[in-house]
Amino acid sequence: MSSFAQATAVEPLGDGAWRATCDGAWATQLGANGGYLAALILRAMAAEVDDPAREARSLTCHYLRPPAEGEVRLDVTVERSGRTLSTVTARLSQAGALCVLAVAAFGIELNGAVDYAAAAPAARAPADVERLAPVAEVPITTHFVMRPTMGAPLYAGAADSVTGGWLRFADPQALDAPALAMYADAWWPSPLPRLTRPAAAPTIDLTVHFRAPAAAAAIAAEPVLAVFRSSTAAAGFFEEDGELWSRDGVLLAHSRQLALLVDGRR
């Protein structure tokens, strides 16, 4: 098992309940990472659905409080399972306190009325981009190989809120839905290049749409192109849209989150 698979493993307790361990090695300086918690939830949801033909298509998580390192409980309910789609909810809690509320859709592959796709953004090849060194104060950064190609550096006072580049696990594994959910929140927040001093940006809610499960599953050691943009920040909140692309230009997932944006010196 990869280190990510181990860190997101779940154990059945019966009656829709699952046990997992919140691993501090996958935390930020603010606590448990939102994408990591989303991955834990998807592991439990997929196990509860227990149908390989029904891939995760959508996940939305609302974050109430960050769990501490240690054991967490996931209570999963299949709200409805029809011919093509299963709707699933989950509650992640620790020591009786609710931490994350989630809802997801799992569906089979269908023959659509029409297929179409946008083109992937242009970016330098991964081999031509220097890897960023992990940040000691942010434990989760040791688990990724990050090669920035989009936007300005952190705290550069840039005119745009855009960031991204080539991203992969340092310990490669196939890109299942939990891995893509992790990638959707693995980069630094897109407003930070616009700023000139540190800011904190904890996630309030995160939605990930999974667009090409078969293409993603074939990828292990290959990096994906992760691009994140924000158009609006107001009253201490900002929105961020993300895209995850394969090297051959397939959109694997896209995401949207709402997060706080507050002075990091507080």
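Throughout this passage, a residue is called buried when its relative accessible area is under 20%, exposed when that area is over 50%, and partly exposed in between, as calculated with a 1.4 Å probe on protein chains only. The structure is a predicted model, in which local features need pLDDT of at least 70 and side-chain atom pairs count only at pLDDT 80 or more, while totals for chains, interfaces and linings use all residues. Residues are numbered from 1 along each chain as its sequence is written, and side-chain values rest on heavy atoms, with hydrogens and water left out.

The description begins with helix α2, where helices (H or I, at least four residues) and strands (E, at least two) are DSSP runs numbered from the N terminus. Helix α2 covers residues 34–49, and its end C-alpha atoms lie 22 Å apart, in agreement with the 22 Å that its 16 residues should span at 1.5 Å a residue; the expected span is 1.5 Å times one less than the number of residues. Of these 16 residues, 13 are buried, so α2 is largely enclosed by the rest of the structure. At the N-terminal end of α2, N33 acts as a cap, with a side-chain oxygen 2.8 Å from the backbone nitrogen of G35, whereas just after the helix D50 adopts a positive phi of about 55°.

Helix α2 also enters the account of the nonpolar cores, each being a set of buried Ala, Val, Leu, Ile, Met, Phe, Trp, Tyr and Cys residues joined through side-chain atoms within 4.5 Å. The largest such core has 67 residues, and those with the most contacts inside it are I41, M45, L59, F144 and L175. Its largest share, 10 residues, is contributed by α2. Apart from this core lies another, of five residues, which include W166, L225, V227 and W245.

For individual residues, contact means heavy atoms within 4.5 Å, and neighbours up to four places away in sequence are left aside. F144 is in contact with W26, R131, L167, R168, F169, A170, M182, Y183 and A186. One of these partners, A170, is placed in the loop between β10 (162–169) and α3 and is partly exposed, its relative accessible area being 37%. The contacts of A170 are T142, H143, F144 and V145; in addition, A170 and S3, although 167 residues apart in sequence, are 9.2 Å apart in space from C-alpha to C-alpha.

Two serines were examined in the same way. S190, in the loop between α3 (177–183) and β11 (199–200), is buried with a relative accessible area of 0%, and it touches S161, V162, T163, F228, R229, S230 and E240. S93, by contrast, belongs to strand β7 (residues 85–94); S93 counts as buried at 13% relative accessibility and is in contact with V72, R73, L98 and C99.

Strand pairing, which requires that DSSP find at least two bridges between two strands, links β2 to two partners described here. Strand β1 (residues 10–14) pairs with β2 (residues 17–22) in the antiparallel sense over four bridges, and V10 has A20 of β2 as its bridge partner. The hairpin of β1 and β2 has two residues between the strands, and within the hairpin D15 takes a positive phi near 55°. Strand β2 is further joined to β6 (residues 70–81) by six bridges, again running antiparallel, with D75 of β6 as the bridge partner of A17.

A search of the whole structure finds nine salt bridges, a salt bridge being a side-chain nitrogen of Lys or Arg within 4 Å of a carboxyl oxygen of Asp or Glu. In one of them, E11 is paired with R19, the closest N and O atoms being 2.8 Å apart; E11 is partly exposed at 38% relative accessible area, and R19 is likewise partly exposed at 27%. The side chains of D51 and R54 meet in a salt bridge of 3.3 Å, N to O, in which D51 is partly exposed at 30% whereas R54 is buried at 12%. E222 forms a salt bridge with R247, whose closest N and O atoms are 3.4 Å apart. Because E222 lies in the loop between α4 (213–217) and β13 (224–229) and R247 in the loop between β15 (237–245) and β16 (251–260), this pair ties together parts that are 25 residues apart in sequence. E222 is partly exposed, with a relative accessible area of 39%, and R247 is partly exposed at 46%.

Note on methods
Polar contact = N/O pair within 3.5 Å; in protein donor to acceptor, adjacent residues only side chain to side chain.
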